[in-house]
Amino acid sequence: MKKKNLLPKDRWISCLLIAGFCLYFFASLFIVRDYGVSTDEPQERKTMYVNANYVLTKLGRESMEGIPELDTYKDKYYGVAMQMPMAVIELLRAPVPFVYFCRHMYTFSVCLIGYAAFFLLCKRIFHSNMLALLGTVMIALYPRFFAEQFYNVKDMIFVAMYMISMWATVQLIESNFSKKWVFLFSIIVALTTNVRIVGFIFMGLVIGYLWVICVLNNLKKIDDNGLTYRRSVLISVIMIALYFVVLVISMPGTWSNPLQGILDTFIRFSDYPGGGNVVFMGEVMENTEIPWYYIPVWMLISIPIWYILLFFVAVYQVTKKTAAQVKNKEIWNTVLKYKYLIWSVCLAAVPWITIAVKGANLYNGWRHCYFLVPPIILFVLYGVDAVLKNKKKTANILLGVLIAVGLLAQVKWIYVNHPYEMVYFNRIGRLYAADFDRDYWHLSEIRAWEYIAAHDDSEKITVNTSGYQFFTHVLWPEEKARVIISDNPDYYIETYRGKVGNECSKEGYEEFYSIVIDGFKVATIFKKL
């Protein structure tokens, strides 16, 4: 007798996928401590405190001692709604290293939810677990994301919220703008905008799509979908009103004057003021002077080459299909059939074009534009899907080999160079990496200190760094007791922020040890002569 499967095939696949996500989560518990504290984290933690204190005083609690007033706080319009759950850990009066451990695990968990949302999004669009898994793996195992998903509390949480908003958009459209998804979509997009104002693009694109479909429906250009003018107006008003209300609630700095507060937030962050240096193509320049090609160059040198090759495959496939559809004069059918493809292009192209045209200030590599990765990967999957549907054996084999070899090489690189994934450059980019920003957040300070502590038996060690000595935040009391920050230290740690090239010296010191990745230096320890 033939054995009966205990679980249907689809259920087995679902179980394996869930097991994969769980394995990824448990692996994070073992590597989370390998990363230090980034430059932004203490300030973001303080901003969370200021907002939490403001909310508590509004609820009748006494103001916490030493916490600035929100109304006069310089970062009052920074959205910290997605960080507020971590305020619970602060209430426990836990040791600082444990607080940062929890913050890092929380940031990772939000990213993991974002990966799950992207998987479900791709599965809904392509009806394929394989394609959905490929897209998710390409994002979760992108080396820079692999490291930054722990400590980059702004950019990576925004990437996660961008993916969740993408999923919510598809759910909303596929439900034909049901009440449930109108409600959920508006809340999710408001929270995404709270993290970064670019999140507003989801509301703009959805309302634009809603009205295009409504007009086509009423002109009898497409099948009736119930989107009358009256219903479309009602949906638009509800979404905008709910979006605005949730956005205001999530930003205490706007409570005293909601309309003006939201307007000020959009004006301020549409081109964030302030200066700072970036290293780009061998030149140290002001971030207010970066050229329009800054982001494309960064992407070309720091995104795996096999991703880029798949992108060009997608461009070819999309161009070929578009030409065929236009030739057959099936414009509206094409737009509706490939609406999510067009949408993915808009989600990546519109923000970048806006940044390039406005000459917006960008800091440290291209982290402010990490959110472009998910829509680009979605676009890539359309190309992969088209190749697979052509059912040409040679093309499918070549595609499979490219993906397998690229992914294996990428995983190997992460394993060999952990925990310095944040300085990943592809095989072309690493030849010129010393001419670009590297460890701009001084995260390698912690590894440099551990090397010093392991090779110096002194009870007390004097040290200083080119950063902010934030590595001390993750040291437990007995470890921290050995560190003495001094202006005339025995050891000096250089992390090459704002510097071009691999050669750096310090008068009265000699090079003791350097952390080198792919031929370029990430950090150097200098020892007093």
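I call a residue buried under 20% relative accessible area, exposed over 50% and partly exposed in between, with a 1.4 Å probe and protein chains only. The model is predicted: local features need pLDDT of at least 70 and side-chain atom pairs count only at pLDDT 80 or more, while totals for chains, interfaces and linings use all residues. Residues are numbered from 1 along each chain as its sequence is written, and side-chain values use heavy atoms, with hydrogens and water left out.

**Entry 1: strand β3**

I began with strand β3, residues 461–465 (strands are DSSP E runs of at least two residues, helices H or I runs of at least four, numbered from the N terminus). How many of the five residues of β3 are buried? Five of the five are, so the strand is largely enclosed by the rest of the structure.

Next I checked which way the side chains go. In a regular strand they alternate between the two faces of the sheet. Here I461, V463 and T465 point one way, T462 and N464 point the other way, and all of them are buried.

Then I looked for the neighbours of β3 (two strands pair if DSSP finds at least two bridges between them). On one hand there is strand β4, residues 483–485, paired with β3 in the parallel sense over three bridges. In that pairing, T462 stands opposite I484. Strand β5, residues 491–494, also pairs with β3 in the parallel sense, again over three bridges. From β3 to β5 I noted N464 opposite Y492, and T465 with I493 as its bridge partner.

Zooming out, I found an open sheet of five strands, in the order β4-β3-β5-β7-β6 and with mixed pairing. Which strands stand at the edges? They are β4 and β6 (509–517); each has a single partner strand, so one side of each is left without a neighbour in the sheet. From one strand to the next, the twist averages 30°.

**Entry 2: T193**

I moved on to T193, which sits in helix α8, residues 179–195. Is T193 buried or exposed? With a relative accessible area of 3%, T193 is buried.

I then listed its polar contacts (pairs of N or O atoms within 3.5 Å; within protein one must be able to donate a hydrogen and the other to accept it, and residues adjacent in sequence count only if both atoms are side-chain atoms). The T193 side chain reaches the backbone oxygen of V189 at 2.8 Å. A polar atom of that same T193 side chain lies 3.4 Å from the backbone nitrogen of F200.

I also asked which residues T193 touches, not counting those up to four places away in sequence (contact means heavy atoms within 4.5 Å). My list reads G199, F200, Y243, L247 and F266. F200 thus turns up in both searches.

**Entry 3: two helix pairs**

For helices I used axes fitted to C-alpha atoms over the stretch in contact, with angles from 0 to 180 degrees between N-to-C directions. Under 35 degrees counts as roughly parallel, over 145 as roughly antiparallel, 65 to 115 as roughly perpendicular and the rest as oblique.

Helix α7 (residues 155–174) packs on helix α16 (residues 373–390) at an angle of about 45°, and their axes are 9 Å apart. The two are therefore oblique to each other. On the α7 side the contact is made by V159, Y162, M163 and M166, and on the α16 side by P374, P375 and L378. I sorted them by class (Ala, Val, Leu, Ile, Met, Phe, Trp, Tyr, Cys and Pro are nonpolar, Asp, Glu, Lys and Arg charged, the others, Gly among them, polar), and got seven nonpolar, no polar and no charged residues.

The second pair is helix α2 (residues 41–58) with helix α4 (residues 96–126), whose axes come within 12 Å and cross at roughly 90°. That makes α2 roughly perpendicular to α4. E41, P42, E44, R45 and M48 of α2 meet V96, V99, Y100, R103 and H104 of α4. This contact divides into five nonpolar, one polar and four charged residues.

**Entry 4: backbone oddities**

Most residues other than glycine have a negative phi, and most peptide bonds are trans. I found K391, in the loop between α16 and α17, with a positive phi near 55°. K391 is exposed, at 71% relative accessible area. H442 has a positive phi of about 60° and lies in the loop between α17 and α18, but H442 is buried, at 5%. P419 is in the loop between α17 (393–417) and α18 (445–455), and the peptide bond from H418 to P419 is cis, with omega near 5°.
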